[in-house]
Amino acid sequence: MLWKSVVAAAVTSVLLSTVTFADEVADAIKTIQSVQPASKGTADARRAVSALARGGAKNLIPVLQGFRSASPLAANWLRNAFDNLASAEAAAGRKLPEQPLTSFVRDTQESPVARRLAYEWLLKQNPELKTQLIPGMLLDPSAEFRRDAVAMLLEQAAAAPEATSLPLYQKALSGAVHKDQVDTIAAAIRKAGSEINIQNHFGFLADWKVIGPFDNKEEKGFDVAYPPETELREDAEYDGQLGKVSWKPVNTEDDYGILDIAKKIQNYKGSVMYASTTWTSDKDRQLELRLGTPNAWKLWVNGKMVFGREEYHRGTEMDQYKIPVQLKAGSNTILLKICQNEQTQDWAQSYHFQIRVCDATGAAVSNAPKTAQTEPAAKGTN
Amino acid sequence: MLNISMKSGLAGILRNRLDSSIRILGLTAGIIIGMAAPMLQQNSIAADWRQFRGNDVNSIATGTPLPTELSGESIAWKTELPGRGLSGPIIVGSRLFLTASSGYTQDRLHVLCFDTASGKQLWERQFNATGRTNCHEKMCNATPTMTSDGERVYAFYSSNDLICLDMDGQLQWFRGLGSEFPNASNSLGMSSSPIVVGTTVVVQVESDAEAFACGVDTVSGETKWQIDRPRAANWTSPGMLPAANGKPALALLQSSKGLAAVDPDTGTIVWNFEKGASTIPSSTVVDGQIIIPSSGLTTLKPGEDGISFQEVWNSGNLSPSTPSPVVANGMTFTLNSAGALTAGSVQSGERLWQLRLKGPFCGTPVVSAGHLFVFNEGGQAFVVKPEQDKGIIVSELDLSETILCSPAAADGALYVRSDGHLWKFAKP
């Protein structure tokens, strides 16, 4: 009977210590996840990172799993915890556990940042993993993995005979979310005599209604709430800067959705213009509006201002601003206020914007027909 | 492996007792070491290059002079870097710290630590940017230079992420100033390099849409103070007026409006020069005289009362372009956009001579033993010996890589980085 008691006690001890260990790790990760801006919770997070380090390599996976419920700030603490653990293993001449980490990398339900972190550490000890993992990541929730997969296809396409390269470029396009890669693909596809709709691929909004100009002399119009900010009526007519103004339809055929007010309408110096459009969603969802403009701007979605920025002529590029927005099922109203100042330099004459709707990877999300159930375009074709 | 009660009970008691013991030991050791500490600290700091433009933020290297004959033989080592950067290296003891940024959107932040003797990488830590990473293509997220108080290092990026690590890469605190203040960014990129004054990291975050400066506690990462700044794009870095005449050191905050002297502990503006200043090259302080890129160059002499200043001279023909002014051998030096090095009298502001170098230049020269060490954007190094009536190019070396950083100097060695490499130059 004694041996049974000893075994039972030993089993209980192991179980208890396992539970305790798991609790400690969970507590430490929860502490890190609780870190707040302005350095709140920093001292506790520091202690938690140290505690995780003492646990060694068995904490690698739990730390990575912790990214799922972590803010970007907390994720950086977890990244440091993982780097510390992995560095210690490397310094001790031990390999990281390849099988569980590879499984983690493959799990698209986990945090893209954590999966990429694990992948890059694995790559240091086994460069072959790149060819094993990346080809399957063309439509991955991580923009970085997608980029690698697209790059791999572009290498194959560049090396392939011209007659067989087109399908490779088209396949690469299905996952491409970065402008430089899409530019390369578009040039190759067009050179091969095929068509590509870059506007649709990125999800740029091309059809707008525009009203203005309103006054922005001495840049004072940025803070003035002109009527379109309080009511959106298509048949409205208001007193503008130069007389009566009303909503006019305007669209852009530019590949990158640039609506050039200076060219399409007029470069009214010291003015405010408003542009409005709708975007139909098949369900409530959080997406991103990505805006590029060299002008000052404010943006509203369904009547709620989501961001505004008073900066003129400090450069512009695609995806200059990434604005998370909550969209509702059905029609969503997007209103942009765009401001031109009175600078006279050659480089200060731009008056344009581009806006697209996409997910967090930058992949376009289709503008769902009101009666149809749609899936994100980037999951399949464009 | 502790159980829960152990964690909250016995472990707590043990920790308290241990802490008490450490405090007693620390107090005793502190008393013993305290008398020698100022000497030790001074010696160790003198051999360091702890922040942008050096310990005193004036680009002057102290200690062992740098080798003036730069050649292939003077390259002690060269090592690869994992990302881009306009940031310069900093050196603390035998360790060199450097930032880099990588990725399609430059959102991967790298902090690197190297052994200065061998060039071997000792550790690397990476983070993800929490603020905007947009930059002009010439710039990148890793544009500001790191700073250190000798016990910790502080990395800052265009995305306004301010990261404190200990000397072994353990995260001490992380401030996402870009996400805390999302409008304080510049679509061309931010470049201001923070500095440490006392126990405060002084940071300038100034743009057209939002502008502030703050003092962050070196240990806790908490904000000690925050003040509004002129709302306009500003790429200059804080300067430092060293403690003198029993008055504490002041931080110097430059903007298009002028130069504010600020108490680094409280953010209180002690005095304010309001005649405007450049928004790219930064002020420097040598021998108690402040040289401001303002209407060319303007110099101020702080009053002995610590709360006033006097304008000494202004010279419209000593205008700097991107590099900040430096002082050597009783002369001020500026580099203009054409690549000409202009010498002026520190006493009067009179222009003395010009030397045509091959520009353009982005980085600020380092001064060592009366020589200027400067790299142009094409990676060509010039060592210039300035005399009262002319400048002499002592040696040149072409690294054939884009170099936009301000180099660092410590313990007789010169360090510079490109987007791809880090070099150490020392006497063969």
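This passage describes how aromatic rings pair in a predicted model, and where charged side chains sit over such rings.

Over all chains of the predicted model, the count of aromatic pairs comes to 19. One of them joins A:Phe214 and A:Tyr226, whose ring centres are 4.9 Å apart and whose planes differ by 25 degrees, an arrangement that is stacked. Because A:Phe214 belongs to strand β1 (residues 207-215) of chain A, while A:Tyr226 belongs to the loop between β1 and β2 (237-239) of chain A, this pair ties together parts that are 12 residues apart in sequence. Both partners fall in the buried class, A:Phe214 with a relative accessible area of 1% and A:Tyr226 with a relative accessibility of 14%.

A:Phe214 also pairs with A:Tyr274, and here the planes stand at 75 degrees with the centres 5.6 Å apart, so the pair is edge-to-face. Since A:Phe214 is in strand β1 and A:Tyr274 is in strand β6 (residues 271-281), both of chain A, the contact between their rings ties together parts that are 60 residues apart in sequence. A:Tyr274, with a relative accessibility of 0%, is likewise counted as buried.

Elsewhere, A:Phe202, A:Phe204 and A:Tyr256 are linked by ring pairs into a cluster. The ring of A:Tyr256 additionally has the charged end of A:Lys179 over it, at 4.7 Å from the ring centre. A further charge of this kind is found at A:Phe222, where the charged end of A:Lys298 sits over the ring, 4.6 Å from its centre.

Notes:
Residues numbered from 1 in each chain as written. Chains lettered and ligands numbered in written order. Predicted model: local features only at pLDDT ≥ 70, side-chain atom pairs only at ≥ 80, totals over all residues. Heavy atoms only, no water. Phe/Tyr/Trp six-rings, centres within 6.5 Å; stacked < 30°, edge-to-face > 60°. Helix = DSSP H or I, 4+ residues; strand = E, 2+ residues; numbered from the N terminus. Buried < 20%, exposed > 50% of the residue type's maximum accessible area, 1.4 Å probe, protein only. Lys NZ or Arg CZ within 6 Å of the ring centre and 35° of its normal.
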